[in-house]
There are 2 protein chains.
Amino acid sequence: MKKTALIMAGGRGERFWPRSRKNMPKQFLSLTDDGKTMIQLTVERISPLVNMEDIFIATNRDYRGLVREQLPDIPEENILCEPVGRNTAPCIGLGAVHMAKKYGDAIMLVLPSDHLIKYNSIFLGTLSDACDAAQVNRNLVTLGITPDAPETGYGYIKFDPNKSLGRALAVERFVEKPDLETAKEYLASEQYLWNSGMFIWKISSILANIEKHLPDTYAGLMRIGDAIGTDSQEAVLEDEFKKFASVSVDYGIMEKADDIYILSGSFGWDDVGSWLAIERHRTSNEFGNILSGNTVTIDTTDCIIQGGDKLIATVGLEDLIVVDSADATLICKKDRAGEIKKVLEYLRMCGHDEYL
Amino acid sequence: MKKTALIMAGGRGERFWPRSRKNMPKQFLSLTDDGKTMIQLTVERISPLVNMEDIFIATNRDYRGLVREQLPDIPEENILCEPVGRNTAPCIGLGAVHMAKKYGDAIMLVLPSDHLIKYNSIFLGTLSDACDAAQVNRNLVTLGITPDAPETGYGYIKFDPNKSLGRALAVERFVEKPDLETAKEYLASEQYLWNSGMFIWKISSILANIEKHLPDTYAGLMRIGDAIGTDSQEAVLEDEFKKFASVSVDYGIMEKADDIYILSGSFGWDDVGSWLAIERHRTSNEFGNILSGNTVTIDTTDCIIQGGDKLIATVGLEDLIVVDSADATLICKKDRAGEIKKVLEYLRMCGHDEYL
């Protein structure tokens, strides 16, 4: 069966401030040694499985230019701009109606644009197995990450070890981000995987599930679909999309649907949640520093320094993150990377939106 | 007797990098809360004692523009530019011949342009006493700072407690920067003061001493003096000055002269040797931070942050110095401030003179 992909690239994360901004979110940044941006790596990663003309990008109007610039080989009509953000269920629905119009039915991969994967061949093998499972009935298939720590920052998915379809295991339930105690229990039980936010299904399967679990959204999506290719395409999209309830696919569909399967993956998945993550993806020098741009480091160890043209000179530093951008410089103790958002809260409070 | 002053402003220090540069040395920087530059404060400090038109600035051609800009009330002909740097003895000699030409004889204060003094009225009182002592015979008078620690970074001056002239004590000898053991002995002896580099004498006294101890320099200075006001003034200065031996007034004159007196001062003198010094002169906030420019500090304590227009955001920092400039940012652990010169050595080695 033909394979298509919807890459979700509408996110506005702020964890990579001051490089990530409202007008330059993480998926468009390069955080790896190869200089490619996150979304470029996402497309490149699935290119053995999906043709370029069958890849759709869901984003919003602010980022259309960035998508076209960074992914010139994606057909322009495959760039779908949500008029407003309504979380992942309407986003996926929009992709599905466009794909249904073009292909009738096909396998649809749904992928975030801002994750990194280290072992692409293992990932592709897992995806391929997932496609097989997705062809059966109206199965909804997801990829789960085998946990290596009781993380409280991820959703978890409980599977039933006694019910499987090939390598795919039947899902018992989706659960929200747990507290630490619960996360430890999940880990000990060996029946929970991390929710990666990656999905594989037939276009027809997801649309049927939207019809069943989110009937209002489904009706709107049908009107949007009918208008595709007509003069009123944009007006109908604008009109219908903003009426959609804002709901995640996890909550709106996956927690309610039957026939959900999960494939566990150990392909070096990383959601690249903060500047600290680049330690896992960039090469450090003999002093443990990860340096880019114009730097002079004197007796400086285990630092992440992301400079540019402007010289950054350091003396006697350790365990710091330094990130320079055109109008702002961040200096943050490594173990406080999660608190960068406090800087943005403060700037927002003071009305300094130019830095956001 | 008329009082004149020579302010020495030719220094090219690099301890305040990246704010201080080859074309912007420390004396032209503002490091205090009041926003005034070091040389402006130096002139302002002595203004109750010396008329503006009797203040001379010794500098070099590169800094003539800065002097005129920062000290618009100093007559242009009082800005003396040394063609090359030859240390303090020729610099002071040049000032003396210009002053001799203009005034015949007068009291001449010689002051560095890059020190800070906290208690100006005490300082002026000490200077006034020094002027009195300088009027007697051919006395050379200096100000000594009462030590409060066995500093190894300063020269010391030993006085004879049993020989005095008013409040001035006779100097036994000038000594170079000591090692720590020696500095401790000096402190314990209670007979040593720090050499502040500030001198008070009659123009005739210093010229007589230059004639005696540096006769070649004296001969050249006389030729320079004869040419002042003639068409060949610049050519003679250029020609003679570069033939001068490079020698400090301490070594060339003070260590050899008779009739040297010292006045001890406790007027809050500070030679402002590094970024750390500004902790003694700038007001810190409730978290011990000294901030200037555009900053957002989250859980940041005891830091010195010298920003500008560009936003500097910090998270979880302590005891750091952060200094931003147009083309370079320095981040330095406080206790490593002395090692900023290593950054400059590295830049010089790599041929990056644009940052020096």
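This is a short talk about a sheet, a nonpolar core and one loop residue in the structure above.

Hi everyone! Before we start, please keep in mind that this is a predicted model.

Let's begin with the sheet. Six strands make it up, and it is an open sheet with mixed pairing. If you walk across, the order is S12(A), S14(A), S16(A), S17(A), S15(B) and then S13(B). Which strands stand at the edges? They are S12 of chain A, residues 290-292, and S13 of chain B, residues 295-298. Each has a single partner strand, so one side of each has no neighbour in the sheet. From one strand to the next, the twist averages 5°.

Now look at S12(A) and its partner S14(A), residues 304-306: they run parallel and are joined by three bridges. In this pair, Leu291(A) sits opposite Ile305(A). A helix joins the picture too: H10 of chain A, residues 340-349, packs on the sheet and touches S17 of chain A as well as S13 and S15 of chain B. The direction of H10(A) makes about 130° with that of S13(B).

Next, the core. The largest nonpolar core has 216 residues, and Val141(A) and Val141(B) touch the most other members. Among the contacts of Val141(A) are Phe199(A), Ile200(A), Trp201(A) and Tyr261(A).

Finally, let's visit Leu29(B), in the loop between S1 and H1 of chain B. Is Leu29(B) buried or partly exposed? It counts as partly exposed, because it has 19 C-beta neighbours inside 10 Å, and being buried takes 20 or more. Leu29(B) touches residues including Phe16(B), Met24(B) and Met38(B).

Thanks for listening!

Definitions and conventions: Residues are numbered from 1 along each chain as its sequence is written. Chains are lettered from A and ligands numbered from 1 in the order in which they are written. This is a predicted model: local features need pLDDT of at least 70, side-chain atom pairs count only at pLDDT 80 or more; totals for chains, interfaces and linings use all residues. Two strands pair if DSSP finds at least two bridges between them. Helices (H or I, at least four residues) and strands (E, at least two) are DSSP runs, numbered from the N terminus. Axes are lines fitted to C-alpha atoms, for helices over the stretch in contact, and angles run from 0 to 180 degrees between N-to-C directions. Two residues are in contact if their C-beta atoms, placed from the backbone, lie within 7 Å. A nonpolar core is a set of buried Ala, Val, Leu, Ile, Met, Phe, Trp, Tyr and Cys residues joined through C-beta atoms within 7 Å. A residue is buried if 20 or more other C-beta atoms lie within 10 Å of its own, exposed if 12 or fewer, and partly exposed in between; C-beta atoms are placed from the backbone. Lists of a residue's contacts leave out its neighbours within four places in sequence.
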